[in-house]
Amino acid sequence: MFAEGKRQDLPSQVTSKPIYKLGGDMAKKRDTKPEDHKSQETTSVGRRKFLQGGVAAGVGAAALGGCAATSSGQRTSPDGMRWDYEVDVVVVGSGASGLPCAIRARDAGLTVLVIDQNFDIGGKMLHSGAQISLGGGDPCQLRDIAGQGDKEGFLKVPPLHKPPDMTEDTDFLFRDITDWSVLDLGGNAPYRYNDREMHRAWADNCPATRQFLMDNYVRFSRIQGTHGTGGVARARRATAFLMLGDKTDIKAGTVTRQDAGIQGKSSSHFAPRFMDSAAKWAGPGAVYNGAALTRGLEFSAREKGIQFMLNRKMTEIVREQPFAGRVLGVRASYSPRFAPGTKTRLESYWQNGNIDERRATITIRARKSLMIGSGGHTANPQLRSMFYPAFNEPAFVSSGWALLGPHGGDGSGIVAGMRIGANLAGMQQNLGITQSFHIPPRLATRDSYTDMLPGHPTFPFRRSTGISLGTSSYEHLIAVNQVGKRFYNELDVAQRYLSPIWPGGPRAGVPLHSLQHVQGDWRNCSREWVRKMYNGNASLDAAVAMNEGSQAPHFYSGPLWAIFDRGTIERDNWDIGAPFTADNGYFFSADTIEELVRKIEKGHEFQRVPLKYLSETVRRWNSYVDKGADPDFGRGKDAPMHKIDKPPFYAAAICPVWHDSYGGLRINGKGQVLDTQGAVIPGLYSGGEASGGGNQHGLGRALAHGYIAGSSIARERA
Amino acid sequence: MKSALAVDLALKDATQNSASDQQAQCTPELHAVALTVWDVPPTTASGERFTVSVGARCSVGCDLAGRELTIVDHNGLRAGMVKLGGDVCPGTEALYFARIEVSAPLEAGSHPWEARMAGWETAPPHACGSFTLMVRVVPTPDCVVTVKVFDREKQTPIAGARVVMHPYRALTDDSGIARVNVVKGPYDILVSRSHYLPTCVGVDVTADMISSAALDADRPWAPPDEDHA
């Protein structure tokens, strides 16, 4: 396997002593300010070290006239609750909204504890593509408009767009992302239903968010277009990158080849996905993905003294009254993950600043604010089926399933908010947006979205990277449902149309290109235009539809299978060896179709009913190939058809995936959570996929939400 | 289709099973045999000799080396016979296989043929197996359609592209050219190649002709995060 290189140490001025640990072996402590840390020693790691450090810090704190503390096992606060920990700000979730919020609050001098259900930092941000669409005249746009480079001299490519294509202000951006008239190729309106107050704030904060990220070790490529639902009329996307170097050094902006991963072979603990080349957008030697973004922010957070309690799942928001009063803190349970088949607990990549708390359940008081950045509901079949009943099927998982673990994307923040009276928003916005749920063309792995390779600690949970195909490769297979019947034209099964993004034009569902696009123009959605551009595709809906194996009361649609043969492998050069496939129940080979059926029925965890039609389906398909026409689904007019007759025969799982969450806690322009009367729930903030009302794909939404919430918390009077 | 032997054995097996558990444990179980046939050419000329691959697999993986397999034509006449080899088909666990040469029928059309393997009683007993294959005999082609396949963006020839004018098939050579011998008539020319989007163009072939197909690259799939317009 792949030995891990020596990890970068955090600098010596880092501290992690700003939090009350309210226990019998604790002396008085108080919070410290960032400036205090620079004279302190490096960090605790485990609980014991933390406690030792706490004593020393407490002495200093007392001299500074710090806050009250207790030497009892728990502290009973004036609110009557007994708390195990106490801090100014508790952030739930260390992902794209939680981490910026934490840093922003810490920058304001507040003590911050981030808890996360997983063993490492980053949530879905870590496995993302680090494509960040902001805009409104953000620093990257301004840099490119001026033809300037970056301060470190990493950017070696000139700006990719002409200045007018990047020139805008926040008013223009706000109009763009709330444009009622823009449709996608499926006739859906991605911007129409965006919450006005929330997106006004989002647009207003985009420039500052970009600068904030750059100030916290995030390096950005040139602006290159815009990505899904990031607006259509200007180029706004920049990608986080690092430079390949001799060592992984966030301050220097470098990452080793080993940590960046080796294409087709390995990823690393640092980067769960291979960091691909960003040469086109940044320069030779630049590599990108969510690791470049996450590790930069994480490094900064730890450097600034933010503490992390990982393996800790928030189970309850504590409020003064069940549906009234201020939010006081959280109750959280221990949620460790262990390497499959072992008792070895998974640990975070960096551990400086971690609090190793292993009690089953603890309480944490948030003296000032609680921020819910715990992510969406992508992995919760009960919540998902509120939007789309067919997605009650537990076989289908969230993107990043192995990385995030059993509690990732479980909607726990949304549910906890609902239990104290929070309202929801954007509950219709998952539907019709191709980023939320779709069928990626990657076979033979449960997480078909994420191309994780061996080397990351969570790879053993999935065991296969999957066979990544272009959609044209579907010419060589048939796709069947849980009873072995075909359900759609295979060439369309994994087709996903482009969102309305810059530069627009018919390929993106927009009549005019770039600067010619007119915001709010009825012609963007006229009947004539829709008839001309419509290119919708319902393969996902056919895939998850009820079939003969769907049984009451759940009517699960069941697993989907790509069936092919050795002829496929030879014609289309598929690599079906390790790590792309594994003996993990998501890939089978057999001498005959009948044997293939037996293997699937025995070996796949969600194959609940017999695949009773598969043999007949293959016979029928082969007869269609003989005839040159497919009366069932119209194949034969779009691509050559090929018999499935050359042994061995293969079955690889086709797994729809739920990637984005667009329905969640209702927040206002300050990131404050609102109740069902429209009133602010005092002390409670949220953002990213835990919140709703914004039909906006990707990191730009969540990062700005975190920045907004952190800024609001900093301004809030205690 | 079950042979008399297979039915007899099956009935015998069922009777013994119902007699008593102890008896049933002593009864040899009837093994099923699955046959498969591949490499059947999509078209053959009248009376043309051609070769197909045949394979057989026992349901529990018994060694089938040396077992006879017969090809029976649409008139019920034996078209060929072969003994399975001693090696299993590459990539399989227990599919014993052989190549067999046969002659196409004289009359044009699609003809259902059958591969058969007789069952046997010696322990463990095996049921017979069969598999239906289709043999298509086409009239003698009278036209040549030359198809030039190239990369639309690079304007370079694409070798190894599949060109299908059902039922005729060909591959492009290093110059990106495929020559398809067809009978006059209307066709869809389907062209595909790995990492390119397939194309289709309708033609009416009345004489030798030249056609071309410009293929667009199939963009590697990227997560929605990484979509580019």
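This is a short walk through a model with two protein chains, A and B.

Good morning. One caution before anything else: what you see is a predicted model. I'll take the chains in turn, then the contact between them.

Start with chain A. It has 718 residues, and 62% of them count as buried. It contains 20 helices and 29 strands. Now take the contacts in chain A with a separation of 6 or more. Residues 24 or more positions apart account for 75% of those.

Let's pick out one helix. Helix α7 of chain A covers residues 196-214. That is 19 residues. From first C-alpha to last, α7 of chain A reaches 27 Å, close to the 27 Å expected at 1.5 Å a residue. Where does α7(A) bend? At A:Cys206, by about 45°. A proline, A:Pro207, follows within four residues.

Next, a residue in another helix. A:Ser385 sits in helix α10 of chain A, which runs over residues 381-387. What does A:Ser385 touch, once its neighbours within four places in sequence are left aside? A:Phe391 and A:Asn392. A:Ser385 counts as partly exposed, because it has 14 C-beta neighbours inside 10 Å.

Now some backbone details in the loops of chain A. First, A:Ala444. Its phi is positive, about 75°, although A:Ala444 is not a glycine. Look for A:Ala444 in the loop between β19 (442-443) and α13 (459-462) of chain A. Is A:Ala444 buried or exposed? Buried, because 25 C-beta neighbours lie inside 10 Å, and 20 are enough for that label.

Then A:Asn573. Here too phi is positive, near 55°, in a residue other than glycine. A:Asn573 belongs to the loop between α17 (566-572) and β23 (587-590) of chain A. Its surroundings are another matter. A:Asn573 has 10 other C-beta atoms within 10 Å, so it is exposed. The cut-off for exposed is 12 or fewer.

One more loop in chain A. The peptide bond from A:Trp502 to A:Pro503 is cis, with omega near 10°. A:Pro503 lies in the loop between α14 (490-493) and α15 (527-533) of chain A.

On to chain B. It has 229 residues, and buried residues make up 34% of them. It has two helices and 15 strands. Among its contacts with a separation of 6 or more, 56% are between residues 24 or more positions apart.

Let me show you two sheets in chain B. A word of background: strands of a sheet pair through backbone hydrogen bonds, either parallel or antiparallel.

The sheet with three strands is open, in the order β12-β9-β15 of chain B, and its pairing is mixed. Why is one side of β12 (177-182) and of β15 (209-215) in chain B left without a neighbour in the sheet? Because these two stand at the edges, each with a single partner strand. From one strand to the next, the twist averages 25°. Strand β9 of chain B, residues 143-151, is joined to β12(B) by six bridges, and the two run antiparallel. For a specific pair, find B:Lys148: it stands opposite B:Ile177 in β12(B).

The sheet with four strands is also open. Its order is β11-β10-β13-β14 of chain B, with antiparallel pairing. The edge strands are β11 (168-171) and β14 (199-205) of chain B, each pairing on one side only. The twist here averages 20° from one strand to the next. Inside this sheet, β10(B) and β13(B) pair over three bridges, in the antiparallel sense. B:Val164 has B:Leu190, in β13(B), as its bridge partner.

Between β10 and β11 of chain B there is a loop, and B:Pro167 is in it. The peptide bond from B:His166 to B:Pro167 is cis, with omega near 5°.

Last, the contact between the chains. How many residues does each chain give? Chain B gives 37 and chain A gives 41. On the side of chain B that touches chain A, the elements giving two or more residues are β1 (33-38), β3 (49-58), β8 (129-138), β10 (162-165) and β13 (185-192) of chain B. We have just met two of these, β10(B) and β13(B), as a pair in the four-stranded sheet. By type, the residues on that side of chain B are 18 nonpolar, ten polar and nine charged.

That's the tour. Thank you.

Note on methods:
Residues numbered from 1 in each chain as written. Chains lettered and ligands numbered in written order. Predicted model: local features only at pLDDT ≥ 70, side-chain atom pairs only at ≥ 80, totals over all residues. Contact = placed C-beta atoms within 7 Å. Nonpolar A, V, L, I, M, F, W, Y, C, P; charged D, E, K, R; others polar. Expected span 1.5 Å × (residues − 1). Bend = angle between axes of the 7 residues up to and from the residue. Pairing = 2+ DSSP bridges. Axes fitted to C-alpha atoms, helices over the stretch in contact; angles between N-to-C directions.
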